[in-house]
Amino acid sequence: MAPDPYRYFRVEARDLLEQMSQCILEVEKGEGTTDLVSRLLRLAHTLKGAARVVRHKAIADRAHELEDVLGPFRDAAGALPRERIEAMLALVDAMNAEVSRIGQQPAAPGSSATASVCRDNGAGVAARQVEVPQALRADVGEVDRLVVGIGETQGQLGTLRRGLGALDETTRMAETLCAQLDALLASRDRAPLATTAALARALCTRLAQLDRVVMPAAERVERELRQVRGGAERLRLLPASSVFTTLERTARDAAQGSGKRVVMAAAGGELRLDGGLLALVQGALVQLVRNAVAHGIEAEGERARAGKPTSGRVQVTVARQGDRAVFSVADDGRGLDLPAIRRAAQRRGLAAGRDLGADDLTRLLLAGGISTAAEVSGISGRGIGMDVVRDAAARLGGEVSVTSEAGRGATWTLSVPVSLAALDALLVEVDGRAVALPLAGVRRTASVPANDVVHDGERTSVLVEGRPVLFVPLAEPLRVPPRSGVVARRQLSVVVLEGSGGTGAVAVDRLLGTTNIVVHPVPARAPIDAVVMGLALDADNVPQLVLAIDALVDAVQHSARLRRGAVDAQPRLPILIIDDSMTTRMLEQSILESAGYEVELASSAEEGMDMARRRRFGLFLVDVEMPGMDGFTFVSETRKDAELGQVPAFLVTSRNSPDDLRRGLEAGAAAHLIKSEFDQAVLLQKIKAVMG
């Protein structure tokens, strides 16, 4: 087979075109235009030169056209004219199409991808949806073979190293031989024995030299191969940010096509995932972003009447949760149009004779085939968008869900199992075994005196920075019997974890340091606990457990609940602390959380009122003297509300005059606590009386 002359050019061209797309979108925003135009010119010039080297005239010519478009604006300080932006994006799309066609059969006349990109934005979006995922796909087969080969070589080196370890024994045997021969020479004068002794001494010398040379060399090769293997495993992993430029371009094109203004933001791009997974997910995310713009974001006039910024916002977030990657697309638009979904379902005969509620309508929408668009356009209207999302989820074994709030927007979530992912981890030792904790969930580490472990008869906590945190030895959720009792030591190595369900602390034998690991899935039939999210291989190919932070925190809290017995058998509502003093807020939060209550904080009565209307609370703990609305007014206003009036309110203040006490009672406060007489036990007793 002839060598591929475009093998390296394709990689370079796609990288350069990705950077060009990012720059053009930044130029359109009008910030730092001069530097961005200069960078675009450099990128175009580099691509033009590379295309000419491989004799690809079409790409070289279009790169030159891009230079011509940019030339007059080399020193521009503001945003470029829209027609120039469109021209540059069309040229980038055309070059992307050319790169995608390299090595393929020539397109039929009239079906040129370049022509379709340049004709209209809708076709451009469709072309990118097909082409760009190909750029995300690594040669997984080749990378897998490389990883397997390196692993086998590394295993052979381990065998070699064990064999070389026998050199010590051989050296000792030679030394024994020399000693015996020397003894014989001392008693007899035999020339052959003298010769043998000389050879034995030479053998000892050579073996010692071999040991000094071979062992360090073997260790060095093993160390290098370990690094190469780590790099090879990461070759098939791409940062999630690889799809962000395409999604931003999708949001821009959809907004322009529907006459709206939209800003897209993204987070979690540093997470590295399997390229094949990203390729499949990207098509679904493109559809979700397009739907958010077409169906969620309102027109400028409607947003202005609703008191919203004229530009809508679409937020794309990627996160790792246990053994799954979670992609979410949220907008600040009108939310799901349930009446329109109901009408669309009725037109298709899906709601005949049924009174469909919000959950029923959401399920129908997720099933696909329903569109709320008034007419078919290049962006929406055929009701097949959800088919793309659902197909991606089905192929990856994932799930799709949506939450919506009228007037505030909708959030679509695609959750898929992860086959491979790279992440930063903290390595710790438990019972002689190395265990990895994802660094994103590690709040801090500390060496804590054993007397800072508090047993209150119901649970165990450890004091970290003066605050109690639920605590267990890590050996406990791993079901490993701890050696000699971890908490019997004078100093404990403690790791404080933060998950979606709260915080917890675990004690470990030792902290081994941080590293970047590639997480492999647990074999399907392996009997593994929920706290294990995957496996990583150490230098000797021995699997190390990688723990799921959320599940681990849940396990810590569950262990604490078991110790408390039935105290928390009934779920309790959280307590809302409202105080403009950070010191007071933190003190009260520490006391209440150590007593097992969930706490939320507000720094003003206005903020507290907003939070109280969005979530149910079991108690309001309110300062009296605050800027703006004071505590008396907050309590009085909440008593007027049928729902909020059911929540007891305690006033915490330094004012203890009879008038102040009377005013608090008239406002509807259930208790009046004086700061100068503050007693933790009294506070908890009063809270227990009203909350249990």
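# A guided tour, from one loop residue to a ring cluster

Begin by selecting Asp431, which at 23% relative accessibility counts as partly exposed. Because buried means under 20% relative accessible area and exposed means over 50%, the value of 23% places Asp431 in the class between those two. The residue sits in the loop that joins strand β8 (421-430) to strand β9 (433-438), and although Asp431 is not a glycine, its phi angle is positive, at about 55°. The model on the screen is a predicted one, and for that reason the next stop is its confidence.

**Colour by confidence**

Colour the protein by pLDDT, for which the mean is 76, with 73% of the residues reaching 70 or more. Where should you look for the lowest and the highest confidence? The lowest is found in helix α5 (residues 113-119), with a mean of 36, while the highest belongs to strand β19 (residues 575-578), at 94. Now select residues 105-135, a stretch over which pLDDT stays under 50 and for which the model has 40 contacts beyond four places in sequence. Then select residues 374-383, where pLDDT again stays under 50 and the model has 20 contacts beyond four places in sequence.

**Into the largest nonpolar core**

Which residues have the most contacts inside the largest nonpolar core? Select Leu247, Leu273, Leu285, Phe327, Val329 and Trp412, which hold that position in a core of 44 residues. If you would rather find this core by its secondary structure, the elements that give two or more residues to it are α10 (244-258), α11 (275-296), β4 (312-321), β5, α14 (358-367), α15 (385-396) and β7 (409-417). Of these, helix α11 supplies the largest share, with 10 residues.

Stay here and centre the view on Phe327, then show what surrounds it, leaving aside neighbours within four places in sequence. The residues in contact with Phe327 are then Leu273, Leu277, Leu278, Val281, Leu285, Thr317, Val318, Trp412, Thr413, Leu414 and Val416. Apart from this core lies another one, made up of 34 residues, and you can locate it by selecting some of its members, including Ala13, Val37, Ala60 and Ile85.

**Along the salt bridges**

A search of the whole structure finds 24 salt bridges, and a few of them make convenient stops. Select Glu302 and Arg334, which form a salt bridge in which the closest N and O atoms are 3.1 Å apart. Glu302 belongs to helix α12 (residues 300-305) and Arg334 to the loop between β5 (324-331) and α13 (338-347), so the pair ties together parts that are 32 residues apart in sequence. Both partners are partly exposed, Glu302 with a relative accessible area of 32% and Arg334 with one of 26%.

Move next to Arg408 and Glu405, another salt bridge, whose closest N and O atoms are 3.1 Å apart. Here Arg408 is exposed, with a relative accessible area of 52%, whereas Glu405, at 45%, counts as partly exposed.

For a salt bridge set within one helix, select Arg662 and Glu666, whose side chains meet at 3.2 Å, taken from N to O. These two residues are 4 places apart in helix α20 (residues 658-667), which means that about one helical turn separates them. Arg662 counts as partly exposed, at 41% relative accessibility, and Glu666 counts as exposed, at 59%.

To see salt bridges joined to one another, select Glu28, Arg82, Glu86, Asp93, Arg249, Arg252 and Asp253, which are linked in a network.

**The aromatic rings**

How many aromatic pairs does the count give? It comes to 2. In one of them, Phe617 and Phe620 form a tilted pair, with 6.4 Å from centre to centre and 50° between the planes; both of these residues are buried. In the other, the rings of Phe620 and Phe634 have centres 5.4 Å apart and planes at 85°, so the pair is edge-to-face. Phe620 lies in strand β21 (residues 619-623) and Phe634 in helix α19 (residues 631-640), so this pair ties together parts that are 14 residues apart in sequence. Phe620 counts as buried at 1% relative accessibility, and Phe634 counts as buried at 0%. For the last view, select Phe617, Phe620 and Phe634 together, since ring pairs link the three residues into a cluster.

Conventions. Residues are numbered from 1 along each chain as its sequence is written. This is a predicted model: local features need pLDDT of at least 70, side-chain atom pairs count only at pLDDT 80 or more; totals for chains, interfaces and linings use all residues. Side-chain values use heavy atoms; hydrogens and water are left out. pLDDT is the predictor's confidence in each residue, from 0 to 100. Contact means heavy atoms within 4.5 Å. A salt bridge is a side-chain nitrogen of Lys or Arg within 4 Å of a carboxyl oxygen of Asp or Glu. Buried means under 20% relative accessible area, exposed over 50%, partly exposed in between (1.4 Å probe, protein chains only). A nonpolar core is a set of buried Ala, Val, Leu, Ile, Met, Phe, Trp, Tyr and Cys residues joined through side-chain atoms within 4.5 Å. Rings of Phe, Tyr and Trp (its six-membered ring) pair if their centres lie within 6.5 Å; planes under 30 degrees apart count as stacked, over 60 as edge-to-face and the rest as tilted.
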